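Let's take a walk through this structure together. Keep the 3D view open and follow along as we go from place to place.

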Amino acid sequence: MTKKKKMLLTLVAVMILIMAVAYAGMAIYFGRHFYSNTTINGINCTEMDAKEAKQLLSDDVHVYTLTLVEMDGTKEILTAEQLGLSFRDDGEVDQLLENQNSWLWIREFFSDKQHELKVSVEVDEDTVRSAVKELSCMQEGNYTSPVDAALVETDTGYEITQEVEGNQLDTEKTVAAVCQAAVDGSETIDLSAAGCYLKPAVYQDNAELVEQRNYKNQLVSANLTMDFGSGRTETVDTALLKTWIVQDETGKDVIDQNQIRAYVSTLAEKYNTFQTTRYFEKTGGGTAVLTAGDYGWLMDEETTAADLSAAIAEGRQGTFEVTYTNTAKSRALNDIGSSYVEISIDQQTMWCYVDGQLIVSTPVVTGCVSKGTETPRGGVWKVKTRKTDYTMTGKTDPETGKPSYTAHCNYWVPYSEDLTIGLHDLVTRSAFGGDIYLTNGSHGCVNTPLEAMKQIFDVVAYGFPVVVY
């Protein structure tokens, strides 16, 4: 081999060596640096080492913003600073550089390398919470809190008010959603879709609420009217029944039976006329004060309360009949009415009125004053029965075992509670009226002329009032 050829070969070898060393040097360089025209998440990282690229990515994190879209479409923006956002090195950049084949740098040198990395970031939850609380939509007066549907009392019963959805954010749900959006790198977050708003706990169609409404409306559905005459009525209706609702030992709404009984007692006190004081306008003028007798209305409170309770439970409508243990002939304020027998002891006169018309006016003889068998006065009694061809008997004499007297009458109309005093004829008596009763009066009955007694007998019946004064 010639010397010239050797020199040429040596030169070529040297050049190859230089090129190899240069190539290797470039390979080593691109083992630590990104290729030209390399972008990571849109950031130009040409010939940057991992540290430099990370710094750019970190700087990019700091310009991040998150748009919050609220329920009404209003938008508010949170910055990286408000989110406490920071870059977290999880080795993504290092791994990307490691995956770069540096020995192919010539092939890769003139091509674009675009990489999208899921850059890891950290958010400061406390910072986010503070930022969320500062949002305009979180300020008092700028939001409406949700309101549960509820059972409310109305004039006609009970109804369910509609729930209010409101637009108040749940702070903790919002913080969690914002943190996740920032970590995900989302640009916007729809707060409604993310379930960040507070919701009513109870809606209008809540089955338990509907059942409660229906039950309570049934409790107060009765409408019962009681007629006490002379335009005097009492009504048990929804308005009253609502005030009677209490809870039993299980917490269930019920009508208070004690209040029903108390209500009936109040009615009895108001409308009973039995053994009450009456002011009676006497024939011929003047007023008699009447306090005795068994005439008048007396409510059966126990039965009435039980019947009223049953009617309420059934939700009954219309008229309710009160039960009485004692009754009168009229429901007017003056329950004696316009048909009655009137007896004046002092005048020894009896009158009988039917529908306001005087049909009998007659002298009578009442109980004997001197013998102490005076006819009870100062009250109103009611006729108990009526009989014809009747023999009256006095009390039994314990010595003889026989009645103290017997007397026959054609018409007998007892009115005292014990049936011992009444109206009757006495054909053996020839005179009536005057002062006969002082020394030759009856055993307590009202002796009446036969013809007058027959007329009275024909118009009276059980319950017919007898006024004696």
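Start at arginine 316, which is partly exposed, with a relative accessible area of 33%. Keep in mind that what you're looking at is a predicted model. You'll find arginine 316 in the loop between helix 11 and strand 18, the latter covering residues 317–319. Its side chain makes a polar contact of 2.8 Å with the side chain of glutamate 314. Now look at what else arginine 316 touches once residues up to four places away in sequence are set aside: Ala222, Asn223, Leu224, Ala310 and Ala311. Leucine 224 deserves a second glance, since arginine 316 and leucine 224 are 92 residues apart in sequence, yet their C-alpha atoms are 7.0 Å apart in space.

Let's zoom out for a moment. The chain has 469 residues, and 41% of them count as buried. It contains 13 helices and 28 strands. Take the contacts in the chain with a separation of 6 or more: 64% of them are accounted for by residues 24 or more positions apart.

Where do the nonpolar residues go? In soluble globular proteins, nonpolar side chains tend to be buried together. Here, the largest nonpolar core has 39 residues, and Val236, Leu308 and Ile312 touch the most other members. The elements giving two or more residues to this core are strand 11 (223–227), helix 10 (257–271), strand 16 (287–290), helix 11 (301–314) and strand 21 (349–354). Helix 10 provides the largest share, six residues. There's also a second, separate core of 27 residues, with Val132, Met138, Leu191 and Cys196 among them.

Back to valine 236 in the largest core. Not counting residues up to four places away in sequence, valine 236 touches Ala222, Asn223, Leu224, Met226, Leu241, Trp244, Tyr263, Leu308 and Ile312. Three of those names may ring a bell: Ala222, Asn223 and Leu224 are also touched by arginine 316.

Next, follow the chain past helix 10 to threonine 273, in the loop between helix 10 and strand 15 (278–281). Is threonine 273 buried or exposed? At a relative accessible area of 16%, threonine 273 is buried. Its side chain and that of aspartate 335 are joined by a polar contact of 2.5 Å. Aspartate 335 also turns up among the contacts of threonine 273 beyond four places in sequence, together with Arg278, Tyr295, Gly296 and Trp297.

Further along sits serine 344, in strand 20 (residues 340–344). Serine 344 counts as buried too, at 2% relative accessibility. A polar atom of its side chain lies 3.1 Å from the backbone nitrogen of glutamine 347. With neighbours within four places left aside, serine 344 is in contact with Thr349, Trp351 and Tyr469.

Now for an open sheet. Strands of a sheet pair through backbone hydrogen bonds, either parallel or antiparallel. This one has three strands in the order 4-3-10, with mixed pairing. Strand 4 (75–79) and strand 10 (188–190) stand at the edges with a single partner strand each, so one side of each has no neighbour in the sheet. From one strand to the next, the twist averages 25 degrees. Strand 3 (residues 65–69) pairs with strand 4 in the antiparallel sense, over five bridges. You can spot valine 69 opposite lysine 75 in strand 4.

Two loops are worth a stop for their backbone. Aspartate 355, in the loop between strand 21 and strand 22 (357–363), has a phi near 55 degrees, a positive value in a residue other than glycine. Aspartate 355 is exposed, with a relative accessible area of 60%. Leucine 419 also has a positive phi, near 65 degrees, and is found in the loop between strand 25 (406–414) and strand 26 (422–425). Leucine 419 is partly exposed, at 45% relative accessibility.

Last, the cysteines. How many disulfides are there? The count comes to zero. Take cysteine 445: the closest cysteine sulfur, in cysteine 409, is 8.4 Å from its own sulfur, which is too far for a bond. Cysteine 445 is buried, at 4% relative accessibility, and cysteine 368 is buried as well, with a relative accessible area of 0%.

Methods. Residues numbered from 1 in each chain as written. Predicted model: local features only at pLDDT ≥ 70, side-chain atom pairs only at ≥ 80, totals over all residues. Heavy atoms only, no water. Core = buried A, V, L, I, M, F, W, Y, C linked by side-chain atoms within 4.5 Å. Buried < 20%, exposed > 50% of the residue type's maximum accessible area, 1.4 Å probe, protein only. Helix = DSSP H or I, 4+ residues; strand = E, 2+ residues; numbered from the N terminus. Contact = heavy atoms within 4.5 Å. Polar contact = N/O pair within 3.5 Å; in protein donor to acceptor, adjacent residues only side chain to side chain. Disulfide = S-S within 2.5 Å. Pairing = 2+ DSSP bridges. Axes fitted to C-alpha atoms, helices over the stretch in contact; angles between N-to-C directions.
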